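Q: Please take a close look at the metal site in this model. Describe the site itself, then place it against the rest of the chain.

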Amino acid sequence: MPELPEVETVSQGLRRRALGRRILAVEVRHPGVVVGSPEQFVAEIVGRAIVSVQRKGKALALELGAENCAPRYLLVRLGMTGQFTVNPGAAPVEPHTHVRLALDDGREEIRYRDPRRFGRLRCCTAEELDEIFGRLGPDAPEISRPQFLAALRGRRGPIKSWLMNQQVLAGLGNIYADEALFAAGIHPLSPAGRISAAAAGGLLRAVKSVLRRAVKLQGTSFSDYIDIEGRPGNFLPRLKVYQRTGEPCRRCKTPIQRLVIGGRSSHFCPDCQPSPRRAASVKNPTQRHRDTEKR
Ligand SMILES: [Zn+2]
């Protein structure tokens, strides 16, 4: 599923290939991926030029300008398997292509393809976009240490679910949350609000560094994700824990374990990321000794 690095890669590709170009025609082949009436969607977009490409978390917005008109925004959520590519207009249309945006003279077009159809395209005003982006927490690469620490305070749930909650921090999904927790040596079940300031600082550095490296390598492709030119991401061989259940930890050789938290699989090294209880007993050996004596 596309997370921040994949969506950022698509944004950068669109800036390179589509900025300043006019949308000549729009074809909605599957109305289910468009929010609202497809006729209105088409009418609001046709004839406008792509003047900027914005991203917040995993959401992407193309600013569409027209002379003497307020801008409109094409908000794109790639969902599970959404792909946004720039293709020659004459290229054969692949199955599951739901929306086509012909550019300029029609020789090239942007296509939205989405086999599982969890993604959505929506045309909105500046106010609507502000409201939608406003519901998201700070973009993960931008959040400051004080903001991060304040957001963790008092949170009872497991840190893994907290990291994936888009209202507190926008951009992380299953892959990069698992990778950041491994890099920081934090067990995914650790209660978010109990993480020490030092460990939380380490986690924030891990989040930013994992995202930065993944953006550099154009994201991670498992099955469907591709960039604007149709190329897969290159981060897959760099994954340390995600989907490596049973394989040796790259740091200590202990087999990677998998555990379901909030309905999502979490992958971690039981040795590099000690469970919260074990971490507490290691930190406080006298206490553990006393407990043993009591028994
Ligand atoms: Zn390990």
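A: The site of the zinc ion is tetrahedral, with angles of 101 to 113 degrees among its 4 donor atoms. For comparison, the ideal angle for four tetrahedral donors is 109.5 degrees. The model is predicted, and the values here are computed from it.

The protein donors are the SG atoms of Cys249, Cys252, Cys269 and Cys272, which lie 2.2 to 2.4 Å from the zinc ion. Along the sequence, these donor residues follow the spacing C-x2-C-x16-C-x2-C. Burial can be stated for three of the donors. Cysteine 269 and cysteine 272 are both buried. Cysteine 252 is partly exposed, because its relative accessible area is 27%, and the range for that class starts at 20% and ends at 50%.

Next come the cysteines as possible disulfide partners. The structure holds 0 disulfides. Cysteine 69 can serve as an example: its closest cysteine sulfur is that of cysteine 123, and at 12 Å this is too far for a bond. The cut-off applied to a pair of cysteine sulfur atoms is 2.5 Å. Cysteine 69 is itself partly exposed, with a relative accessible area of 43%.

Now the chain as a whole. The protein chain contains 9 helices and 10 strands. Its C-alpha atoms fill a box of roughly 80 × 35 × 30 Å along the principal axes. Of its 295 residues, 47% are buried. Among contacts between residues at least 6 apart in sequence, 62% join residues at least 24 apart.

Two sheets can be described in turn. One is an open sheet of 4 strands in the order β1-β6-β7-β5, paired antiparallel. Its edge strands, β1 (23–28) and β5 (83–88), each pair on one side only. From one strand to the next, the twist averages 20 degrees. Within this sheet, β5 and β7 (residues 108–113) run antiparallel and are joined by 6 bridges. One residue pair can be picked out: asparagine 87 has glutamate 109 in β7 as its bridge partner. Helix α2 (residues 38–45) packs on this sheet, where it touches β1 and β6 (97–103). The direction of α2 makes about 170 degrees with that of β1.

The other is also an open sheet of 4 strands with antiparallel pairing, in the order β2-β3-β4-β8. Here the edge strands are β2 (49–56) and β8 (120–124), and each pairs on one side only. Neighbouring strands of this sheet are turned against each other by 20 degrees on average, direction ignored. Strands β3 (residues 59–65) and β4 (residues 72–77) pair in the antiparallel sense over 6 bridges. In that pairing, glutamate 63 stands opposite tyrosine 73 in β4. Helix α2 appears again at this sheet: α2 lies across β3, β4 and β8, and runs at about 60 degrees to β8.

To return to the request, the metal site consists of a zinc ion with four cysteine SG donors in a tetrahedral arrangement. Helix α2, in turn, touches β1 and β6 of one sheet and lies across β3, β4 and β8 of the other.

Terms used: Residues are numbered from 1 along each chain as its sequence is written. This is a predicted model: local features need pLDDT of at least 70, side-chain atom pairs count only at pLDDT 80 or more; totals for chains, interfaces and linings use all residues. Side-chain values use heavy atoms; hydrogens and water are left out. Two strands pair if DSSP finds at least two bridges between them. Axes are lines fitted to C-alpha atoms, for helices over the stretch in contact, and angles run from 0 to 180 degrees between N-to-C directions. Contact means heavy atoms within 4.5 Å. Buried means under 20% relative accessible area, exposed over 50%, partly exposed in between (1.4 Å probe, protein chains only). Donors are N, O and S atoms within 2.8 Å of the metal (3.2 Å for Na, K and Ca); water is not among the atoms, so sites may look incomplete. Four donors count as tetrahedral if all angles lie between 85 and 135 degrees; four count as square planar and six as octahedral if opposite donors are over 155 degrees apart and all others between 65 and 115; anything else is irregular.
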